[in-house]
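Please examine the sequence and the model shown below. The paragraphs that follow lead through selected features of the fold and its surface.

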Amino acid sequence: MENKTNDSTTTTQQISGELTFADKVIQKIIGLALADIDGLLTIDGGFFSNIAEKLVNTNDVTTGIHTEVGTKQVAVDMDIVVEFGKDVRKIYDEVKKTISSEVSEMTHLEVIEVNVNVVDIKSQEQYQEESETVQDKVSGAASSTGRYLSKQTNKATKKAKNEVQSRTEPRVE
């Protein structure tokens, strides 16, 4: 029995295989890592994806982040909205540093390029107001639609029950 345990001394370097990462994994690491950068209001996927995100109320942190992932390196492109009055160059440097650090630490991939396109500048209040306005409108519409559908479903259910009951009663004695 001792020989059996001594024979199984295979190390991880002797096992063949390959470790790869999907773009979405790297995008998610980046999206989560950038959540607390001061002055970065949002990573923007463009008008339509922002509307879709607010309509469905998703928390997709990969929106607006595009990556090219190789076996050893990563390149990143992203559009952002920054807060009015903040030092955009400082925000860019912090974004690069954070992305490089987090991706390297978690995946051992080297970040070789980070391209950031500032698509808008807004005050904190303006950003909050616009975000809440769309969400509130959608929530209100969904709520009233839900109540309407619930009433219609109740009517249809009642009618169907009556129909089934009238068909299952014997027609003859």
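In this predicted model, a surface patch of negative charge is formed by Asp23, Glu68, Asp77 and Glu113. One member of the patch, Asp77, belongs to strand 3. Asp77 has a relative accessibility of 37% and therefore counts as partly exposed, since that class lies between the 20% limit for buried and the 50% limit for exposed residues.

From the surface, attention may turn to helix 2, which spans residues 23–33. Its buried residues are Ile26, Gln27, Ile29, Ile30 and Gly31. In an α-helix there are 3.6 residues a turn, so positions three or four places apart point the same way. The buried residues of helix 2 pack against strand 1 (40–43), strand 2 (65–69), strand 3 (73–83) and helix 4 (88–107).

Strand 4 covers residues 110–122 and includes Ile121. Because its relative accessibility is 43%, Ile121 counts as partly exposed. Leaving aside residues up to four places away in sequence, Ile121 is in contact with Val82, Glu83, Phe84 and Gln126. A further spatial relation links Ile121 to Ile80: the two are 41 residues apart along the chain, and their C-alpha atoms are separated by 8.8 Å.

The loop between helix 4 and strand 4 contains His108. With a relative accessibility of 70%, His108 counts as exposed. The backbone of His108 also merits attention: its phi is near 65 degrees, a positive value in a residue other than glycine. Most residues other than glycine have a negative phi.

Notes:
Residues numbered from 1 in each chain as written. Predicted model: local features only at pLDDT ≥ 70, side-chain atom pairs only at ≥ 80, totals over all residues. Heavy atoms only, no water. Buried < 20%, exposed > 50% of the residue type's maximum accessible area, 1.4 Å probe, protein only. Helix = DSSP H or I, 4+ residues; strand = E, 2+ residues; numbered from the N terminus. Contact = heavy atoms within 4.5 Å. Patch = residues over 30% accessible without salt bridge, like charges linked within 9 Å, V, L, I, M, F, W, Y side chains within 5 Å. Areas by Shrake-Rupley, 256 points an atom, 1.4 Å probe, with all protein chains shown as cover. Salt bridge = Lys/Arg side-chain N within 4 Å of Asp/Glu carboxyl O. Lys, Arg positive; Asp, Glu negative; His and termini not counted. Charge placed at Lys NZ, Arg CZ, Asp CG, Glu CD.
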